[in-house]
Amino acid sequence: MRGERQAPIQKHLYGLFFALLLITQQLAAQPQTTTLTEVVQLAQAQSVAAKRANTQQRTNYWQYRSFLAQFKPQLSLDGSLPNFTRSYVQVTQPDGNIRFEPVSYNNSILNLSLSQTIAPTGGTIFVQQQLQRFDNFIQSSTLYNGIPFGIGVTQPLFQFNQMRWDRKIQPLLYAEGNQLQIESLEQVSLSATNLYFDLLVAQVNLQIAETNRANNDTLYRIALHKLDMGKISQNDLLQLQLSVLNAEKDLASARQTAAVASLKLKTFVGYREESAGQLRPLELAIPNQIPDLIVDVKRAFDEAVANRAGSIGFRRRMLEAERDLEKARKNNGLNATLTAGYGLSNQGPNLLDVYVRPQNREYVSLQFTLPIMTWGRAQAIVETAKANRQLAQQTVEQDKLTFEQEIFTQVTLLQMLNQQVTLTAKADQIGQNRYQIAQDRFKLSDLSVTDLGIATQEKDRARRDAILALRDYWQAFYTLRLLTLFDFETNQKIKY
């Protein structure tokens with residue numbers, strides 16, 4: 001009796017288990033809905049374009065670190081150790097004859113120096129220690145020569161000072177590179193948005209095609225019964241049959257377009273999620289909720305000037321033009337280099353002799369170059385640099401005007417598209433309701449096939465227009481972020 005009571009209970013539990021298993025499998029098989037924000041975040045996190053932007057930013061950082069290191073003290077050790085020679089050398093005799101004498105020696109030298117560049121003047125100051133050892137293996141003798149202490153300076157005179165200009169331009173290049181990285185990531189967001197809506201439009205077209213195929217098939221079957229009752233003509237029936245065939249064709253085309261758009265989006269954002277060995281279908285949510293933004297044109301322009309790499313580039317390009325002009329002037333006139341030093345030096349057969357009562361060591365030299373006759377070459381180089389500076393000024397002015405016009409156009413476009421989204425959403429709802437009424441009237445034989453087809457086309461067009469309006473809005477939204485590097489939703493600068 002107990003076994004007979006447990007049997008129905010076990011069957012009931014088994015039934016619940018299999019029902020839960022079936023529900024779980026169905027839920028797992030359902031496509032995952034993905035929002036626009038998730039796609040943008042995924043693209044910024046793992047797309048190849050985002051990784052490339054981050055790599056370029058790291059390169060920019062280390063280049064700037066390398067530039068800063070030039071202005072810090074540099075400690076270096078150089079020399080030749082060993083420096084061995086065994087050969088025959090030419091020796092001129094007192095009577096003018098030449099003899100070739102054998103030599104075998106090692107002439108090693110080590111030099112330890114600490115140098116510091118002087119950016120305002122372009123010179124270099126250094127402190128050094130030097131030790132030299134000469135071994136004559138033929139005469140079995142050793143000599144030492146050294147500089148226990150030495151200080152010197154090398155100073156270009158009347159020459160172009162590259163370091164002074166680098167201190168002005170390199171920080172701008174570094175800041176420009178940092179902003180370019182932010183712009184690149186914002187461009188990733190814009191590209192991901194474009195691909196998102198490519199797929200969303202394709203999926204909406206696929207849904208429309210599936211709905212139209214099902215509706216046309218149902219209406220065709222209803223029309224067959226109407227034909228039997230004499231309530232519809234053969235011509236109308238053929239027109240509905242043609243609509244069914246066109247719907248099948250549109251459905252096949254929509255499926256292919258959606259598959260291609262899905263692959264492009266997944267490839268761009270680096271979509272890697274797998275289920276049962278295959279990528280899950282990527283179903284996109286329609287971003288109907290748009291932010292209610294009121295963007296002031298002057299505020300947008302001020303933020304663009306403060307944040308954009310192009311704005312920093314305007315200043316950098318003008319400085320580079322001024323630098324090139326000064327370089328043309330300085331390098332084609334009097335050039336001189338002053339080298340001076342003071343220290344202690346000594347020599348002897350023993351190493352310690354170098355450091356015992358060393359003698360003073362002084363040197364000074366002035367080398368110069370003065371062009372006397374260049375046949376107008378120097379003037380031509382300077383005039384070319386002047387023309388290039390003027391061209392840079394004109395180009396920058398034009399770029400500034402284009403820069404300002406882009407901001408104004410984008411702000412105005414965003415405000416207009418906000419209204420466009422609202423209007424197309426209302427038109428979409430009206431089109432859907434009108435089609436439903438037309439479909440019901442046709443079933444009651446109160447509407448012609450032609451009027452039904454018109455209602456279908458208007459319904460589809462209204463649906464596509466609503467999605468395309470959303471696409472235009474979100475493209476304008478992310479384009480404005482790209483142009484200003486400012487988030488008007490949170491009212492703060494964009495940083496990564």
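Where is the place of Asp428? The place of Asp428 is in helix 8, and the legends below begin with that residue. The model shown is predicted.

**View 1. Asp428 of helix 8 and its partner Arg463.**
Asp428 sits in helix 8, which spans residues 377-443. Its relative accessible area is 8%, so Asp428 counts as buried, the cut-off being under 20%. The side chains of Asp428 and Arg463 form a polar contact of 2.8 Å. Beyond its neighbours within four places in sequence, Asp428 touches Ala462, Arg463 and Ala466. Arg463 thus appears both in the polar contact and in the list of contacts of Asp428. The partner residue Arg463 falls within the range of helix 9, residues 449-484.

**View 2. Arg471 of helix 9 and its partner Asp198.**
Arg471 belongs to helix 9, which covers residues 449-484. With a relative accessible area of 18%, Arg471 is buried. The side chain of Arg471 makes a polar contact of 2.6 Å with the side chain of Asp198. When neighbours within four places in sequence are left aside, the contacts of Arg471 are with Asn194, Phe197, Asp198 and Val201.

**View 3. The largest nonpolar core.**
This core is made up of 59 residues. The residues with the most contacts inside it are Leu265, Val295, Leu414, Tyr473 and Trp474. Helix 4, residues 162-228, provides the largest share of the core, 15 residues. A second, separate core has five residues, among them Tyr64, Phe67, Phe71 and Ala119. In soluble globular proteins, nonpolar side chains tend to be buried together. Around Val295, leaving aside neighbours within four places in sequence, the contacts are with Ala300, Val411, Leu414, Gln415, Leu480 and Phe488.

**View 4. The largest cavity.**
How many cavities of 30 Å³ or more does a search of the whole structure find? The search finds one. The volume of the largest cavity is about 40 Å³. Its lining consists of Leu293, Leu414, Phe477, Leu480, Arg481, Phe486 and Phe488. Helix 9 gives the largest share of this lining, three residues. By class, the lining of the largest cavity holds six nonpolar residues, no polar residues and one charged residue. Leu414, part of this lining, is also among the residues with the most contacts inside the largest nonpolar core. Leu414, Leu480 and Phe488 line the cavity and are also in contact with Val295.

**View 5. The second largest pocket.**
The volume of this pocket is about 410 Å³. Its lining comprises 24 residues, and those nearest the pocket centre are Thr37, Phe477, Tyr478, Arg481 and Glu489. Phe477 and Arg481 belong to this group and also line the largest cavity. At least two lining residues come from each of helix 2 (36-46), helix 4, helix 9 and strand 13 (492-493). Helix 2 supplies the most, five residues. Sorted by class, the lining of the second largest pocket contains 11 nonpolar, eight polar and five charged residues.

**View 6. Gln159 in the loop before helix 4.**
Gln159 lies in the loop that joins strand 6 (141-157) to helix 4. Its relative accessibility is 28%, so Gln159 counts as partly exposed. A polar atom of the Gln159 side chain is 2.8 Å from the backbone oxygen of Ala336. Apart from neighbours within four places in sequence, Gln159 is in contact with Lys330, Asn335, Ala336 and Thr337. Along the chain, Gln159 and Asn331 are 172 residues apart, while their C-alpha atoms are separated by 6.3 Å.

**View 7. Thr374 in the loop before helix 8.**
Is Thr374 buried or partly exposed? Thr374 has 31% relative accessibility and so counts as partly exposed. Its loop runs between strand 11 (359-369) and helix 8 (377-443). The C-alpha atoms of Thr374 and Asn332 are 9.3 Å apart, with the two positions 42 residues apart along the chain.

**View 8. The whole chain, for orientation.**
The protein chain contains nine helices and 13 strands. It has 496 residues, of which 34% count as buried. Among contacts with a separation of 6 or more, 77% are between residues 24 or more positions apart.

Conventions. Residues numbered from 1 in each chain as written. Predicted model: local features only at pLDDT ≥ 70, side-chain atom pairs only at ≥ 80, totals over all residues. Heavy atoms only, no water. Helix = DSSP H or I, 4+ residues; strand = E, 2+ residues; numbered from the N terminus. Buried < 20%, exposed > 50% of the residue type's maximum accessible area, 1.4 Å probe, protein only. Polar contact = N/O pair within 3.5 Å; in protein donor to acceptor, adjacent residues only side chain to side chain. Contact = heavy atoms within 4.5 Å. Core = buried A, V, L, I, M, F, W, Y, C linked by side-chain atoms within 4.5 Å. 1 Å grid on protein atoms, 1.4 Å probe; cavity = no way out; pocket = protein on both sides within 12 Å on 5 of 7 lines; lining within 4 Å. Points joined across faces, edges and corners; volume = space filled by probe spheres on them. Nonpolar A, V, L, I, M, F, W, Y, C, P; charged D, E, K, R; others polar.
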